[in-house]
Amino acid sequence: MTDKADVWQGTLALMVLKTLETMGALHGYGIARRIEQTSGELLSVNYGTLYPALLKLEQEGFIASEWGVSDNNRKAKYYKLTRTGRKQLEKEAQDWQQTTAILARFLSPSEES
Amino acid sequence: MKTLRALFLRLGGLFHKEQRDRELAEEIESHLQMHIEDNLRSGMTPEEARRQALIKLGGVESTKESYRDRRGLPFVETFIQDLRFGARMLRRNPGFTAVAVLTLALGIGANSAIFSVVNAVLLKPLPYENGERLVVVKQGAPRSGFPDVGFSVPEILDYRAQNRSFDALVEYHSMAFILLGRKEPERVQTGVVSWNFFDAFGVKPLLGRAFRADDEKPGAPAVLLLSYEYWIRSFGGDPTVVNKTFTMNDRLHTVIGVLPPLPQYPDENDVYMPTTACPFRSDPQMMANRSDRMMNVFGLMKPGVSVRQATSDLNGIILNAQRTYPDVYPPSFDVAAWALSLREQLTQNARTTMLVLLGAAGFVLLIACANVTNLNLARMVKRERELAVRAALGAGRNRLFRQLLTESFLLSLAGAALGLLFAQDGIGLLVSYVARFTPRAREIHLDGTVLLFTLAVAVVVSLVSGSVAALDSREHNIGNLKEGSVQSTIGLDRRRLRNFLIVSQVAVSFLLLIGAGLMLRSFLKLQHVDPGFEPENVLTMRLNLNFTKYNTDNKRRAFYDALLDKLQTQPGVLSAAGGMTFPLIGMDPMSNDFTIEGRDSAQSLPIGDFRIVTPGYFHALRIPLFEGRDFTRQDRPDAPVVAIVNRTAAHHFWGTQDPVGKRISTDKGKTWIQIVGVVGDVKQYGLDKDVSDEIYIPLADSPVSGVSLLIKTSVEPMSIARRIIQQIYQIDPDQPAARVQSLEQVRADSVAAPRLTANLLGLFALLALAIAAAGIGGVMALSVSQRTHEIGVRMAIGAWPREILRMILSQGLVLTTVGLVLGFLGAVGLTRILRGLLFEVTPTDPLTFVGVGAVLAIAALSACYVPARRAARVDPTVALRCE
């Protein structure tokens with residue numbers, strides 16, 4: 001466990017949005033598992049921080065929730081992306097790519113000098 | 001946008017907590033079950049599966065906690081929690097709470113009340129639609145000694161035709177007429193106005209319609225608008241009064257509407273009529289005579305025009321007229337015209353007094369605030385253990401700070417609520433007081449602005465008084481738990497803080513007491529001014545004869561003669577007389593220039609106040625006759641015209657010569673008036689005003705239609721008022737008498753404004769003194785109770801009780817003295833503001849300063865005496881054991 005990196009604040013929201021875009025409606029446990037799997041089990045989602053993050057996204061109107069029934073007949077709360085959430089995802093993904101591109105340029109060995 | 005949305009949802013999150021908690025629990029439960037099932041599928045034992053799932057989820061409770069924080073607004077929730085806790089703490093200390101709330105209520109209430117006045121009178125725009133564009137237009141010859149002469153009809157027409165700055169120039173004058181058609185004849189004060197007068201002010205009638213241009217055409221049917229106050233007073237607010245008819249000046253007048261309740265300026269009128277309905281204003285001679293000035297003019301400036309531009313426009317017009325009519329505007333009448341903002345005219349008398357009162361109320365609040373801070377500090381000492389326990393249990397410093405601040409907010413909110421109740425009670429009195437300064441007094445209400453102001457004051461007070469105590473607790477309490485003895489001696493800086501508060505309370509109280517003392521001294525001086533007449537046992541009432549019935553001098557003269565003869569014989573009447581005006585009533589006399597026989601009249605002429613009186617006027621008012629004789633019944637138009645001057649005029653115009661036998665003329669020598677007597681000076685315009693040059697002339701020579709009766713009685717004057725009025729009805733049943741009052745009352749009214757100002761300031765000062773004294777006493781008592789041990793030691797090693805008493809008293813005395821010195825310095829600087837309100841008292845009146853200092857010192861020392869005596873009675877054996 002200890003060698004796994006915790007998901008750092010701020011990126012969790014982006015990962016949740018992306019997961020919901022890919023998977024459609026999903027419950028909290030499913031979102032967490034999916035993020036861990038996508039990361040190739042390199043990331044560990046702190047389930048305790050997931051629920052407040054979901055609530056925040058819901059309050060901001062990016063996701064919506066409703067009670068439903070899971071595959072194995074268990075009552076669960078399902079989250080899905082809203083239209084504004086889709087736009088937000090697009091915007092945040094773009095921002096993130098830009099940031100990483102800039103950082104990459106900083107960190108890559110310089111070719112000119 | 002999204003933050004706003006989230007904020008609303010989070011506000012919503014404050015409600016239905018249980019249901020939401022249940023949903024979260026279910027969600028987490030299903031999460032856990034799914035995880036366990038997954039773990040089972042991957043081959044774990046049931047126990048292991050559950051254990052791993054729980055580990056991965058982390059602390060369920062802390063998850064729930066952070067979820068809840070996100071769901072609601074933790075800030076608000078903490079606040080509500082703090083409020084509940086604070087209310088509980090305050091309930092548990094009813095003594096402290098009662099004293100603090102009452103102190104704050106007095107301070108805040110005083111401010112709310114005075115602010116409601118300042119807001120209504122000085123801050124709010126005029127309640128007329130076009131308020132800021134309205135001006136008062138004045139005309140006069142200030143350089144020739146005529147500050148304000150009014151307007152004649154031809155002049156008004158000139159201004160109206162030639163100006164470029166005004167949307168409307170409307171005229172106004174006020175007269176008393178008799179209204180018939182009700183049970184008794186009624187004297188109604190009537191505003192005579194242009195048809196568009198109310199349109200210019202932007203005033204719409206409450207009932208019926210306003211005047212129209214047709215109403216002011218010559219020969220139009222006569223119409224009336226009632227003022228709101230008259231409508232309520234005389235008709236009980238009956239809406240059917242519209243279209244009713246009444247007889248005035250022998251004509252039928254139809255009521256067409258009722259005006260809304262608005263300040264009336266310059267006079268409070270009962271009814272309004274168009275200019276053509278006024279028998280004086282519509283007289284052809286009056287309308288043609290350029291020098292017959294009896295009108296006032298108001299202007300509605302065009303948008304964007306300044307008062308200065310309007311003034312130069314007006315002045316150009318009158319200078320033009322001066323070139324055209326040089327005989328009407330001779331060099332001795334150096335005419336000018338100007339405009340003044342109506343708003344300033346309405347409120348200029350009130351400004352200084354109201355701001356002084358606001359300052360005084362602010363000082364009271366400052367003292368109250370200092371006192372509550374001190375109470376809070378004292379309480380902190382007792383709460384140290386509680387705070388230390390809470391800190392030990394994990395309450396952060398900021399969390400404790402917030403808690404204490406919330407408590408103090410609760411306290412000042414309660415104070416503000418109670419203060420508003422006080423203010424509500426006081427406002428009725430304030431309205432009648434402020435009405436002596438400005439017609440805007442009627443606009444004073446506890447409205448939204450005042451409530452907002454009160455709330456703001458409460459917040460500021462709670463921040464100031466609360467944060468001092470809370471900051472102080474932050475310094476001291478944390479980590480105090482293990483010291484065990486919480487009743488340790490007070491820290492040096494805390495004692496310094498408390499002493500500072502006491503000193504400032506004494507200093508500010510001193511300021512307030514000085515202000516009140518100066519006003520009181522000034523009022524007492526005013527009260528002792530010799531008015532030059534005796535107001536005791538004089539009954540006065542105003543008669544305005546019906547113009548159409550008594551339309552000649554002879555008829556009016558006959559009425560007055562018959563009436564005075566009849567009154568003279570009434571039981572209880574010592575002497576009966578009449579005058580066009582009488583002292584201190586605030587009516588303007590006729591100011592006129594005149595020629596003195598044998599002197600060069602090419603220079604600018606002397607000016608005097610001409611007063612019309614009947615024989616016996618001086619006797620009824622006990623005004624001494626120094627030279628010559630009083631008027632008699634023989635001084636009639638068929639006899640030589642005579643006059644009596646006052647001493648000031650005699651000295652002024654004739655120096656050491658005897659004026660009796662000298663002659664003056666008001667028509668440049670065509671006819672001469674012989675002076676037959678010299679009487680004593682009388683304060684006509686107010687007890688604080690100078691005496692002007694007065695020339696009395698007999699009523700028989702100028703029988704005006706408005707006369708005040710002055711009846712010297714041998715009994716209480718008001719007790720025979722009804723009988724006197726009956727005598728008037730016997731001569732003419734249609735003749736009403738108005739403004740029935742005793743001359744004593746008139747005199748009291750003339751000094752009512754300074755008296756009430758002194759009273760109000762005195763009230764504030766007493767409040768301040770009481771609060772400050774209680775504060776000093778309280779702090780000394782606390783200090784004694786904390787020094788019990790030390791005092792015990794001192795006594796055990798041989799100190800006498802008297803020495804202990806002196807020690808505590810001198811501690812109080814030092815604080816008081818420092819406060820007095822600071823207050824003295826402040827007062828010397830600040831009382832200059834009062835200069836304009838004081839009469840014959842300098843703002844640094846030594847007597848007031850010494851007296852106030854003594855009063856304050858005595859009050860402070862007596863407040864210290866109780867705790868000091870308790871200290872002196874400390875039993876050393878008990879004191880030493882108490883630790």
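## A tour of chains A and B

Start with chain B as a whole: its radius of gyration is 38 Å, whereas a compact globule of 883 residues would come out near 29 Å (the radius is taken over C-alpha atoms, and the globule rule is 2.2 Å times the number of residues to the power 0.38). What you have open is a predicted model, in which local features need pLDDT of at least 70, side-chain atom pairs count only at pLDDT 80 or more, and totals for chains, interfaces and linings use all residues. Residues are numbered from 1 along each chain as its sequence is written, while chains are lettered from A and ligands numbered from 1 in the order in which they are written.

**Chain B, whole view**

Along the principal axes, the C-alpha atoms of chain B fill a box of roughly 135 × 85 × 55 Å. Colour by secondary structure and you should find 25 helices and 22 strands in chain B; helices (H or I, at least four residues) and strands (E, at least two) are DSSP runs, numbered from the N terminus. Of the 883 residues in chain B, 40% are buried. Here a residue is buried if 20 or more other C-beta atoms lie within 10 Å of its own, exposed if 12 or fewer, and partly exposed in between, with C-beta atoms placed from the backbone. Among contacts in chain B between residues at least 6 apart in sequence, 83% join residues at least 24 apart (a contact has the two C-beta atoms, placed from the backbone, within 7 Å).

**The cores of chain B**

Next, select V364(B), I367(B), V506(B), F510(B), L512(B), F764(B) and A768(B): these have the most contacts inside the largest nonpolar core, which has 111 residues. Such a core is a set of buried Ala, Val, Leu, Ile, Met, Phe, Trp, Tyr and Cys residues joined through C-beta atoms within 7 Å. Helix 12 (residues 342-392) of chain B gives the largest share of this core, 19 residues. Zoom in on A768(B): leaving aside residues up to four places away in sequence, it touches F363(B), V364(B), I367(B), V508(B), S509(B) and L512(B). For a second, separate core, of 55 residues, pick L169(B), L179(B), V188(B) and M301(B), which are included in it.

**Strand 1 of chain B**

Now select residues 134-140 of chain B, which form strand 1; six of its seven residues are buried. Two antiparallel partners are worth showing here (strands pair if DSSP finds at least two bridges between them). Strand 9 (residues 296-301) of chain B is joined to strand 1 by four bridges, with V135(B) opposite G299(B). Strand 10 (residues 336-341) of chain B is joined to strand 1 by six bridges, and there G140(B) faces A336(B).

**Backbone stops in chain B**

- Select Y265(B) and P266(B): a cis peptide bond joins them, with omega about 0 degrees. P266(B) sits in the loop between strand 7 (251-258) and strand 8 (271-274) of chain B.
- L584(B) is not a glycine, yet its phi is positive, about 70 degrees. L584(B) counts as buried because it has 23 C-beta neighbours inside 10 Å.
- Y685(B) belongs to the loop between strand 19 (673-679) and strand 20 (694-698) of chain B. Draw a C-alpha to C-alpha distance from Y685(B) to I585(B): they are 100 residues apart in sequence and 7.5 Å apart in space.
- R739(B), in strand 22 (residues 737-742) of chain B, also has a positive phi, about 50 degrees, although it is not a glycine.

**Where the chains meet**

How many residues of chain B are in contact with chain A? The number is 22, and they touch 18 residues of chain A. Helix 2 of chain B gives the most to this side of chain B, with seven residues. By class, the side has five nonpolar, nine polar and eight charged residues; Ala, Val, Leu, Ile, Met, Phe, Trp, Tyr, Cys and Pro count as nonpolar, Asp, Glu, Lys and Arg as charged, and the others, Gly among them, as polar.

**Chain A**

Finish in chain A with its open sheet of three strands, ordered 2-5-4 with antiparallel pairing. Strand 2 (26-27) and strand 4 (63-69) of chain A each have a single partner strand, so one side of each is left without a neighbour in the sheet. Strand 4 of chain A pairs with strand 5 (residues 75-81) of chain A over seven bridges; show W67(A) and its bridge partner K77(A). Last comes helix 3 (residues 47-59) of chain A, whose buried residues include Y47(A), L50(A), L54(A) and L57(A). Just after helix 3 of chain A, look for G61(A), with a positive phi near 85 degrees.
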